[in-house]
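Notebook open, structure loaded. I wanted to look at the DNA side and then the core.

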Number of protein chains: 2
Amino acid sequence: MDAAIACFRKRGFHQATMAEICAEAGISAGALYRYFASKAEIIGAIAEDSRGESDEAFLRAAEEHGIIEAMCLACRGFMQKFADGDGSLIADIFAEAIRDDSVSTPLRATDAQSVKVFTKAMKAAQERGEVDPSLDAEMTVNTLFAALEGIGLRRAFLRDTDPDAALLQFRALAERYLSPRHE
Amino acid sequence: MDAAIACFRKRGFHQATMAEICAEAGISAGALYRYFASKAEIIGAIAEDSRGESDEAFLRAAEEHGIIEAMCLACRGFMQKFADGDGSLIADIFAEAIRDDSVSTPLRATDAQSVKVFTKAMKAAQERGEVDPSLDAEMTVNTLFAALEGIGLRRAFLRDTDPDAALLQFRALAERYLSPRHE
DNA sequence: ACCTGAACACCGTTCAAGT
DNA sequence: ACCTGAACACCGTTCAAGT
């Protein structure tokens, strides 16, 4: 069933119709509503499972190549979605999540989990002297997440979704933001 | 007529109906379509005139209090929109602009104008030694815009739209990002 | 010329009827 | 028990008829 969700990728959340999703999934409208209470709930389900799976991979990368490289890895995966044309879908998810608590609540839980994992890696990097220890680890992670999301959305808006350019942009920001002061 | 546009503020782009907008504006559906070719065009018009007017105020602030303070001023104005509950509307605008060229083209023109103004102020700040001169001024401005937008959206998503907290977050990022290296 | 508003096409959701 | 799909309520857009 979740495979039918791929409809949104092609047409966007508000453009895709329930009829199309039903056709793609090979089920009737009534059956679809047996699995999801509404269209908004479907977008919540999509957003949720496109997140979080990569957390272990991130932790390994953070240990091996440092937190900046690991964040760049996460950045690359995220930017690829914009390059694939999913930018407006991501913006739709934001809009629905901001508007509708029943969409945002499960997403916030997944997000909080990611923040936790990244914060742990951030603290480790601070102890190694890789990152300025005077930074608040959790706020720093939140800020970098926000910057990542902002860069992706803004580049999609400006019609320049080249992931390499986005990566360079993010890396330049992250390096300066995180580097210890005084040399 | 643009006053009727306030409907979106209350209900969001996809939630507000043309009938509501007509009622608020005191005109009929046919008359509304005389001024705007579609609903998407209305959101384009809203987004456009909520931008750009403050550019001169920004330039004055940049000269008087430095670029970081001036950017924080812009940040405050932007964050206030999220605190006012316009977050999902802003996300809708992003989604429509990413999806629809006829929405994004006028917005990109307005945006390019702002980037130009901020870039000029950034270069002046670099000459004053306030900002690291090795940074590319235009990319830096773009990155800070992206971060600003990202912070606003993310905070709205996390249900913490306190403008003061957002400002602190943005300022911490901007100061470290822009400060000259080696002390 | 410009506006009105009924009509049209379409979409998310429901529910009586089937299996 | 579960599914079907016609029906419902609603919304963006149009256009023949009015002024």
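Which phosphate oxygen contact does a polar side-chain atom of B:Arg34 make, and at what distance from DNA strand C? I got 3.2 Å between a polar side-chain atom of B:Arg34 and a phosphate oxygen of that strand.

Before going on, I noted that this is a predicted model, with local features needing pLDDT of at least 70, side-chain atom pairs counting only at pLDDT 80 or more, and totals for chains, interfaces and linings using all residues. Residues are numbered from 1 along each chain as its sequence is written, chains are lettered from A and ligands numbered from 1 in the order in which they are written, and side-chain values use heavy atoms, leaving out hydrogens and water.

**DNA strand C.** I looked up B:Ser28 next: one of its polar side-chain atoms sits 2.6 Å from a phosphate oxygen. B:Gly30 uses a backbone N or O atom instead, 3.2 Å from a base oxygen. I took near to mean a heavy atom within 4 Å. There are 13 residues around the strand, and A:Met18, A:Tyr33, A:Lys39, B:Ser28 and B:Arg34 come nearest. On the DNA side, 73% of the strand's atoms within 4 Å of the protein belong to sugar or phosphate, the rest to bases. H3(B) gives the most to this surface, with four residues.

**Core.** Then I checked the largest nonpolar core (buried nonpolar residues, under 20% relative accessible area, joined through side-chain atoms within 4.5 Å). It has 129 residues, and A:Phe170 is among those touching the most other members. Beyond its neighbours within four places in sequence, I found A:Phe170 in contact (heavy atoms within 4.5 Å) with residues including A:Met71, A:Cys75 and A:Leu148.

Methods. Polar contact = N/O pair within 3.5 Å; in protein donor to acceptor, adjacent residues only side chain to side chain. Helix = DSSP H or I, 4+ residues; strand = E, 2+ residues; numbered from the N terminus. Buried < 20%, exposed > 50% of the residue type's maximum accessible area, 1.4 Å probe, protein only.
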